[in-house]
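Hi,

Here is the structure I promised to pass on. Have a look at it first, and my notes follow underneath.

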Amino acid sequence: MSFVFDPQPQPSIAVAQSDKRLPVRRIFCVGRNYAAHAREMGKDPDRDPPFFFTKPADAVVDSGETVAYPPDTGNFHFEAELVVVIGLPGRDIPESDALSHVWGYAVGNDLTRRDLQLKAREQGRPWDCGKAFDRSAVIGPVHPVSKVGHPKTGSIRLEVNGQVKQDADLAELIWSVPEIISILSQSMQIQPGDLIMTGTPAGVGALAEGDICRIEIAGLGTIETPIGPRA
Ligand code: MN
């Protein structure tokens, strides 16, 4: 096969304690999955079915890389999240079997142009410009299930320039990882390399040029993102 121009390189994320990288297929994100964050976004935390939005696979950024302050926004936000990495395909997966489809877990930052997201929300338009822009998904090294198991509790914490902004526990997730995988797989076939960003706790806020954003999840290490000058 020949192409009319070179295909883009395969997007990938780091694997903890390995030289190998994990190829990324799609990035699913769960909206409003911690009650206190749903409230701070002006919504009732309830058990309405979870909803998903996506980011392009090539939005991934490794920990330690600088992310330039993005264009077209004056309200660029951080969101600390647990990331689930899918390793086995499946459809209509029962909750009881869902965790067997997980390859590992990582720390993520769902970078958001909040002004564009809220404007889209008000107008009933898609969230893509607020959520799915270039370099909007910082994902740390993936820790395989064989090393870390399936974290269900533990601290998730975000600091900007050493000041704590988000401080919660994975136990506060409204929809658990098995529930999320089961529900998503009823809508589409999940595939190896699909990532699921599971939602952010309360305390979201703005980043500025020169900030250092650090996120730690118990057992999964710390990721760090310096914010560079406007692109
Ligand atoms: Mn998010």
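**What I found**

Let me start with Ala168: setting aside neighbours within four places in sequence, this residue is in contact with Gly154, Ser155, Ile156 and Pro201. Ala168 sits in strand β14 and is buried, with a relative accessible area of 12%. Its C-alpha is 9.9 Å from that of Ala80, although the two are 88 residues apart in sequence.

Before going further, please keep in mind that this is a predicted model.

**The overall picture**

The protein chain has 6 helices and 18 strands. How does its radius of gyration sit with that of a compact globule? For 231 residues such a globule would come out near 17 Å, and the chain has 17 Å, so the two agree. If you want a feel for the dimensions, the C-alpha trace spans about 50 × 40 × 35 Å along its principal axes.

Of the 231 residues, 50% count as buried. The chain exposes about 10800 Å², and carbon and sulfur atoms supply 50% of that. If you take contacts between residues at least 6 apart in sequence, 76% of them join residues at least 24 apart. As for charge, there are 23 positive and 30 negative side chains, and the centres of the two sets lie 2 Å apart.

**The metal site**

This is probably the part you will want to open up on screen. Which residues coordinate the manganese ion? They are Glu79 and Glu81, each through OE, and Asp110 through OD, at 2.0 to 2.1 Å. Written as a sequence pattern, the donor spacing is E-x1-E-x28-D. Glu79 is in the loop between β7 (76–78) and β8 (80–86), while Asp110 belongs to strand β9 (residues 102–110), so this pair ties together parts that are 31 residues apart in sequence.

Are these two donors buried or exposed? Glu79 counts as buried, at 4% relative accessibility, and Asp110 is buried as well, with a relative accessible area of 0%.

His37 is worth a look here too, since Glu79 is among the residues it touches. Not counting residues up to four places away in sequence, the others that His37 touches are Arg32, Thr200, Pro201, Ala202 and Val204. You may recognise Pro201 from the contacts of Ala168. His37 is found in helix α1 (residues 35–40) and counts as buried, at 4% relative accessibility. For contrast, pick Ser63: it is 26 residues from His37 in sequence, and their C-alpha atoms are 24 Å apart in space.

**Helix α6 and the loop before it**

Why do I call α6 largely enclosed by the rest of the structure? Because 8 of its 9 residues are buried. Those buried residues are Val177, Pro178, Glu179, Ile180, Ile181, Ser182, Leu184 and Ser185. What covers them includes the strands β3 (27–30), β4 (52–55), β8, β9 and β15 (195–197), along with the helix α2 (95–98). Strand β9 should sound familiar, as that is where Asp110 sits.

Ser176 lies in the loop between β14 (163–169) and α6 (177–185). With a relative accessible area of 28%, Ser176 is partly exposed. Its C-alpha is separated by 8.6 Å from that of Thr198, which is 22 residues away along the chain.

**Two backbone details**

Finally, two residues other than glycine have a positive phi that I noted down. One is Gln17, with phi near 55 degrees. Gln17 lies in the loop between β1 (12–14) and β2 (21–23) and counts as exposed, at 73% relative accessibility.

The other is Asp72, with phi near 70 degrees. Asp72 lies in the loop between β6 (67–68) and β7. Asp72 is exposed too, with a relative accessible area of 55%.

That is what I have for now.

Cheers

Methods: Residues are numbered from 1 along each chain as its sequence is written. This is a predicted model: local features need pLDDT of at least 70, side-chain atom pairs count only at pLDDT 80 or more; totals for chains, interfaces and linings use all residues. Side-chain values use heavy atoms; hydrogens and water are left out. Helices (H or I, at least four residues) and strands (E, at least two) are DSSP runs, numbered from the N terminus. The radius of gyration is taken over C-alpha atoms; the globule rule is 2.2 Å times the number of residues to the power 0.38. Buried means under 20% relative accessible area, exposed over 50%, partly exposed in between (1.4 Å probe, protein chains only). Contact means heavy atoms within 4.5 Å. Accessible areas come from the Shrake-Rupley method with a 1.4 Å probe; for residues, only the protein chains shown count as cover. Lys and Arg count as positive and Asp and Glu as negative; His and the chain ends are not counted. The place of a charge is taken as NZ of Lys, CZ of Arg, CG of Asp or CD of Glu. Donors are N, O and S atoms within 2.8 Å of the metal (3.2 Å for Na, K and Ca); water is not among the atoms, so sites may look incomplete.
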